[in-house]
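Subject: A structure for you to look through

Dear colleague,

I am handing over the structure below, and I would be glad if you kept it open while you read my notes on it.

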Amino acid sequence: MKVFKAIWPSLLLIGLIYALGNSFGSIPAIGKLFNPFTGFWQNSETNSLKPESLRIKGLKEEVIIKFDENRIPHIFAKNDEDLYFAQGYTIASDRLWQMEFYTLVAAGRLTEVVGKRALEYDQYNRRSGMNFTADKIIERIDEFPQLKKAAESYAAGVNAYIATLSEKDLPIEYKILGYSPEAWSPKKSMLMMMNMRNQLNGGSTDFKMSQLAQKYGMEVVEELFPNYPNSENPVIPDGSPLLFEPLKLPEIPELTAIFPDDNLVAMSLQNPNPEIGSNNWAIAGSKSATGLPILANDPHLGLSFPSIWYQMQLSSPNVNVYGSCLPGAPGVIIGFNKDIAWGVTNVGSDVMDFYKIKFKDNSKSEYWHDNQWKKTTRRLETYTIKGEDTVVDTLISTHHGPVIYMEKDKSNFNKSVPAGYGMKWITNETEPTDLLCFLGLNSAKNYADYRNALTKYIAPAQNFVFASNENDIAITPNGKFPLKWKGQGKFLLDGTRADHDWQGYIPSEQNPHVKNPVNGYLSSANQSTVNPKDYPYYLDWVSADPYRGTQINHRLEAMQKATADSLRSIQNDNYSLAAEWFLPSLLAILDSSQTKNQEAIKLLKAWNYRNDANEKAASIFETWINIFMDKVWDDEFPEKENMMHPTEGVTLKLLLEKPNSKWFDNVKTTNKVETLNDIVFFSFDETIDSLNKTYGDISEKWNWYKVKKTGIRHLIEAFKAFSRFNIENGGGKRIVNASTGKSGPSWRMIVELDKEWPRAYGIYPGGQSGNPGSKFYNNMVYSWQNGKLTELLFLKNVNQESDRIITLQTLKPLK
Amino acid sequence: MIYLLIVLFGAALSYMGPWWIGAAVAFIVCRWKAKSSKQAFVQSALALSSLWVGYALFIFLNSDVDMATKMTGILTSSVDGFGKTSNINFIFGITALLSSTIGGLAGLAGFSLKRL
């Protein structure tokens with residue numbers, strides 16, 4: 001008893017320290033977190049300047065880093081190894097948690113930090129092969145010494161930074177979620193690139209189209225889902241000459257699609273997402289005030305904290321480049337140097353196909369292909385789950401790729417990866433050279449260097465726009481494109497037939513390409529790549545609606561003596577071509593209606609078609625067009641049953657040319673045949689009702705930004721307090737200024753090329769620091785929402801002085 | 001005396017961590033110096049909460065960003081927590097509660113072992 005009296009407080013203390021020092025489920029380690037010496041208070045920056053001088057093991061020579069007023073590092077190294085080492089070190093010091101988080105996503109390892117709720121997501125990511133492919137890529141990295149050197153130096157730099165950290169220095173997300181960073185490696189840089197491949201090339205409509213064709217027949221598919229839009233302004237201007245002798249085209253087999261047995265599938269897959277699009281363009285000297293080209297780019301991605309981009313200047317004897325980097329990858333991804341500038345938008349061609357596999361028996365060790373039984377391969381995938389037992393599953397692969405799901409699942413009815421199908425996906429190509437393309441662009445001096453760099457690029461295919469101070473402009477929809485027969489992969493394919501395999505690849509020098517067009521400009525906005533009349537190979541059948549591409553080209557066509565500021569006005573262009581094209585007809589029909597919502601009609605009639613932040617009519621139109629599309633199509637092609645709607649372009653054509661089309665009838669009403677007019681009346685009244693319900697009577701609450709609700713969310717969505725909501729800006733998914741609820745221009749850049757030294761402007765919606773406790777976490781958001789750009793400080797060399805440099809940091813080798 | 005010793009050694013060692021080092025200091029000081037369980041508990045609780053709350057307050061007053069609001073938001077799964085003043089009270093309240101409980105218990109544990 002005496003002993004117990006003496007030790008019970010100690011036992012309780014040990015228990016308490018254990019309980020408060022560990023995270024349980026979603027409850028963080030409260031004791032550790034609230035202790036101001038180790039916890040979140042340590043992430044509150046009291047001095048935002050970086051330390052002046054550090055000695056670091058692994059550097060060869062001294063590196064100087066100048067931080068400007070937005071904490072953008074300008075790194076000056078004496079050799080390339082030190083340059084990428086310092087890049088890794090610096091980016092890790094601002095974005096370590098984010099970098100690792102992306103790699104956990106791509107490798108299907110989120111369960112290790114957030115627990116079982118991520119298992120289904122992890123399993124999809126792991127089974128689709130990204131982790132496996134990253135391993136394969138690394139196995140081949142020795143073939144590419146330049147890449148190996150950059151990736152290893154970068155990893156060494158990240159690890160040198162991790163080695164300086166004690167518990168109190170960890171990014172706050174580690175403290176809340178209760179884990180610590182792992183060592184970085186070149187494989188993780190590849191996982192970061194996998195993540196981009198998945199984000200930009202990871203959608204498919206094959207199952208939906210097959211189901212649709214099965215129900216309505218190929219004629220309806222051809223009418224409503226044509227292989228090329230009837231009105232388009234493609235990336236490669238119409239009539240551009242073919243500059244090469246094409247390969248023999250694969251013949252179209254007599255069977256081009258197979259139909260699913262039923263509409264049960266295993267897992268949801270997004271449609272290729274038009275909101276994750278982008279704009280870029282270049283104008284030639286003939287159109288610019290300076291007489292030399294100007295280039296602009298704004299990639300639209302999910303808006304996040306920490307920001308997807310990180311600005312840097314990287315300088316060594318071999319390169320001096322400025323631009324936006326992806327946290328985790330060496331080099332600059334979108335940027336410029338003294339002589340050239342480049343930018344990217346997503347091509348979105350069809351690079352993911354599904355093949356029905358015929359297994360010999362239940363062991364699934366052999367499958368039928370090209371008139372013989374072939375062996376499958378098996379791999380065990382192990383998932384470590386925080387706080388729970390490990391899960392292991394077996395992944396079976398064919399030469400088509402992994403069979404992601406074996407079982408149909410009735411409870412997963414509304415989903416679109418079919419069970420029992422092999423997935424062929426460009427993401428699983430194992431050439432390690434993507435990053436070599438960017439490193440090549442970083443040091444490119446002219447058009448020839450640009451073309452050479454592009455041959456190294458695999459995926460996700462991008463429209464690489466280019467401009468140089470030799471007055472060249474060019475655009476190349478570029479990546480590794482499968483060689484397909486026309487329409488191949490629009491539907492599910494037959495995995496037993498050799499003629500359904502991808503028929504090789506388009507040689508990279510035969511990718512679509514235009515240089516110095518007579519009209520003096522080039523642009524891309526995720527629209528169709530090229531008119532099939534101008535290009536022999538099949539790339540895809542569907543792309544973003546032509547609004548952004550057409551509006552950009554209208555603006556560029558009209559421009560003379562343009563400056564960076566005139567191009568900035570295009571990036572911020574809120575004009576709605578959708579409204580210009582749809583609204584007059586819709587309003588004409590409404591004139592004959594008895595609707596009581598006359599005030600809303602008045603607003604629409606007075607509207608200048610601009611989706612400005614405080615425009616009420618924009619809220620009405622954007623809501624209306626969505627409801628209208630739904631009313632026209634969802635009766636025949638219900639999205640809930642894994643169908644998809646025809647495009648707005650197809651709908652517009654019907655509206656203008658075939659107002660009596662049977663598609664306007666609502667097939668769900670048996671006693672009535674609805675006309676276009678009925679659909680317009682219903683959809684309009686429903687629009688106003690739904691706006692009334694959410695926002696009350698017409699008032700300030702109807703202002704477009706309040707309805708659009710653009711938000712910048714922390715990568716952990718539950719961390720709302722680290723996010724920003726209700727950003728007051730204009731735009732929309734049909735608008736050049738493509739801000740939507742969750743996505744938007746993630747980096748805006750404009751570069752005026754010059755014989756002496758370029759002038760460049762840029763901004764992204766966030767800040768350089770990934771730390772919510774830093775004033776550099778979101779300091780650029782306000783300028784971004786107002787459409788402003790910051791002049792980018794591009795130093796000529798380490799000796800150039802600038803009063804914008806706030807901190808000078810010297811990294812010295814530690815022998 | 002006990003109070004001062006814990007604050008001084010606690011502050012010096014807390015920079016090195018781990019997070020429970022303050023408790024260890026209270027434990028040792030009370031094992032060595034404390035005269036009664038009440039004294040051990042109260043002075044240790046006061047000492048550790050002075051350390052935690054005092055240092056947190058110092059950071060709070062000197063930082064660029066309002067972490068009290070952000071962390072309250074994270075812990076309550078809302079954007080802005082309970083509102084500015086309540087957030088500060090909430091964060092410092094929990095800090096005081098945790099540090100005094102851990103500190104007091106550690107002091108008591110150290111003193112109690114004297115009975116063996």
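Which residue takes a positive phi just after α4(B)? That residue is B:S77, and its phi is about 55°. Please keep in mind throughout that what you have in front of you is a predicted model.

Since we are already at helix α4 of chain B, let me stay there for a moment. The helix covers residues 67-76, and 9 of its 10 residues are buried, so it is largely enclosed by the rest of the structure. The buried ones are B:M67, B:A68, B:T69, B:K70, B:M71, B:T72, B:G73, B:I74 and B:L75. What covers them comes from both chains, and includes α3 (37-62) and α5 (84-112) of chain B together with α8 (172-177) of chain A.

Helix α5 of chain B also holds B:L98, which is a useful residue to click on. B:L98 counts as buried because 20 other C-beta atoms lie within 10 Å, and 20 is the number at which a residue is called buried. If its neighbours within four places in sequence are left aside, B:L98 is in contact with A:L20, A:I30, A:G31 and A:F34. Within its own chain, B:L98 can be set beside B:A12, which is 86 residues away along the chain and whose C-alpha atom is separated from that of B:L98 by 20 Å.

Those contacts lead on to the place where the two chains touch, to which chain A gives 41 residues and chain B gives 37 residues. On the side of chain A, helices α1 (2-21) and α2 (30-34) each supply at least two residues, and the largest share, 13 residues, comes from α1(A). By kind, the residues on this side of chain A divide into 22 nonpolar, 11 polar and 8 charged.

Turning to chain A as a whole, you will find 22 helices and 28 strands there. A compact globule of 815 residues would have a radius of gyration near 28 Å, and because chain A has 28 Å, the two agree. Its C-alpha atoms fill a box of roughly 85 × 75 × 65 Å along the principal axes, and 53% of its 815 residues are buried. Among the contacts in chain A with a separation of 6 or more, 73% are between residues 24 or more positions apart.

The sheets of chain A deserve a slower look. In one open sheet, 11 strands with mixed pairing follow the order β1-β28-β2-β3-β7-β8-β9-β10-β18-β19-β21. At its edges stand β1 (53-56) and β21 (514-515), each with a single partner strand, so that one side of each is left without a neighbour in the sheet. Helix α3 (residues 80-106) of chain A packs on this sheet, where it touches β2, β3, β7, β8 and β28, and its direction makes about 160° with that of β7(A). Within the sheet, β18 (residues 462-468) and β19 (residues 473-478) run antiparallel and are joined by 6 bridges, with A:F464 standing opposite A:T476.

Another open sheet in chain A has 3 strands in the order β17-β11-β20, again with mixed pairing. Here the edge strands are β17 (421-425) and β20 (493-494), each of which pairs on one side only. Strand β11 (residues 352-356) runs parallel to β20(A), with 2 bridges between them, and A:Y355 stands opposite A:L493.

With best wishes

Key. Residues numbered from 1 in each chain as written. Chains lettered and ligands numbered in written order. Predicted model: local features only at pLDDT ≥ 70, side-chain atom pairs only at ≥ 80, totals over all residues. Pairing = 2+ DSSP bridges. Helix = DSSP H or I, 4+ residues; strand = E, 2+ residues; numbered from the N terminus. Contact = placed C-beta atoms within 7 Å. Axes fitted to C-alpha atoms, helices over the stretch in contact; angles between N-to-C directions. Buried ≥ 20, exposed ≤ 12 C-beta atoms within 10 Å, placed from the backbone. Nonpolar A, V, L, I, M, F, W, Y, C, P; charged D, E, K, R; others polar. Rg over C-alpha atoms; globule rule 2.2 N^0.38 Å.
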